[in-house]
Amino acid sequence: MVKVLLVDDSKLARIVAGKTIAALHPDWQRVEASNADEAIELVKTQAIDLAVLDFNMPGKDGLELAAELREAYPQMPIAIITANVQNEIIARARELNATFVGKPVTEDTIKGFLSGAALRLRQASA
């Protein structure tokens, strides 16, 4: 069972991203957090396989959260989702070995990340 952590301060955005992921991978379990602190608590108590993080959140932004997750879980596939498409954000995501996905999240925009994540998870468990 693959467990996806969805972090976004917008409940609507979490619903949209969750439905999109479910359409592509109905067997994957989704766990949600509305901010970075909630996300950190979840990863301490549950085995999370990959993370989809909003960039714009109160408190720590998605890149700060991605850096924390990358340090603790170097192999975890991470996507940064945002409507704020700026070269600086894309570059910082790449520095963290995270995938940049523009909002709105659709099957087309997130399919590549999820396919790559699934492949990496299969290779890691083989």
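In this predicted model, strands β1 and β2 pair in the parallel sense, with five bridges between them. Within this pair, Val 4 faces Arg 30 of β2. The link from one strand to the other is easy to follow: β1, α1 and β2 together make a β-α-β unit of right-handed sense. On its other pairing, β1, which covers residues 3–7, runs parallel to β3, residues 50–54, over four bridges. Here Val 7 has Leu 53 of β3 as its bridge partner.

Helix α1, spanning residues 11–24, packs on the sheet and touches β1, β2 and β3. The direction of α1 makes about 165 degrees with that of β2.

It helps to step back to the sheet as a whole. Five strands build an open sheet, and their order is β2-β1-β3-β4-β5, with parallel pairing. The edges are taken by β2 (29–33) and β5 (99–102); each has a single partner strand, so one side of each is left without a neighbour in the sheet. On average, neighbouring strands of the sheet are turned by 20 degrees against each other, with direction ignored. As a reminder, the strands of a sheet pair through backbone hydrogen bonds, in either a parallel or an antiparallel manner.

Towards the β5 edge, β4 and β5 run parallel and are joined by four bridges. One residue to look for in this pairing is Ala 79, whose bridge partner in β5 is Thr 99. A right-handed β-α-β unit appears here too, made by β4, helix α4 (residues 87–95) and β5. The loop between α4 and β5 holds Asn 97, a residue with a positive phi of about 60 degrees although it is not a glycine. After β5, the loop between β5 and α5 contains Pro 104. The peptide bond that joins Lys 103 to Pro 104 is cis, with omega at about 0 degrees. Both features invite a second look, because most residues other than glycine have a negative phi and most peptide bonds are trans.

Helix α5, residues 107–125, lies across β3, β4 (78–82) and β5. Relative to β3, α5 runs at about 150 degrees.

Contacts between helices complete the picture. Two packed helices are described by the angle between their axes and by the distance between the axes. For α1 and α5, the axes come within 10 Å and cross at roughly 60 degrees. At that angle, α1 is therefore oblique to α5. The crossing of α1 past α5 is right-handed. On the α1 side, the contact is made by Thr 20, Ile 21, Ala 23 and Leu 24, while α5 contributes Glu 107, Ile 110, Lys 111 and Leu 114. Sorted by class, the residues of this contact of α1 with α5 comprise five nonpolar, one polar and two charged.

The second helix pair is α2 (residues 36–45) with α3 (residues 62–72), whose axes come within 10 Å and cross at roughly 15 degrees. This angle makes α2 roughly parallel to α3. The crossing of α2 and α3 is right-handed. From α2, the contact draws on Ala 36, Ala 39, Ile 40 and Val 43; from α3, on Leu 65, Glu 68 and Leu 69. The contact of α2 with α3 has six nonpolar residues, one charged residue and no polar ones.

Definitions and conventions. Residues are numbered from 1 along each chain as its sequence is written. This is a predicted model: local features need pLDDT of at least 70, side-chain atom pairs count only at pLDDT 80 or more; totals for chains, interfaces and linings use all residues. Side-chain values use heavy atoms; hydrogens and water are left out. Two strands pair if DSSP finds at least two bridges between them. Helices (H or I, at least four residues) and strands (E, at least two) are DSSP runs, numbered from the N terminus. Axes are lines fitted to C-alpha atoms, for helices over the stretch in contact, and angles run from 0 to 180 degrees between N-to-C directions. Contact means heavy atoms within 4.5 Å. Angles under 35 degrees count as roughly parallel, over 145 as roughly antiparallel, 65 to 115 as roughly perpendicular and the rest as oblique. A crossing is left-handed if the near helix is turned anticlockwise from the far one by less than a right angle, and right-handed if clockwise. Ala, Val, Leu, Ile, Met, Phe, Trp, Tyr, Cys and Pro count as nonpolar, Asp, Glu, Lys and Arg as charged, and the others, Gly among them, as polar. A crossover is right-handed if, with the strands pointing away from the viewer, the path from the first strand over the helix to the second runs clockwise.
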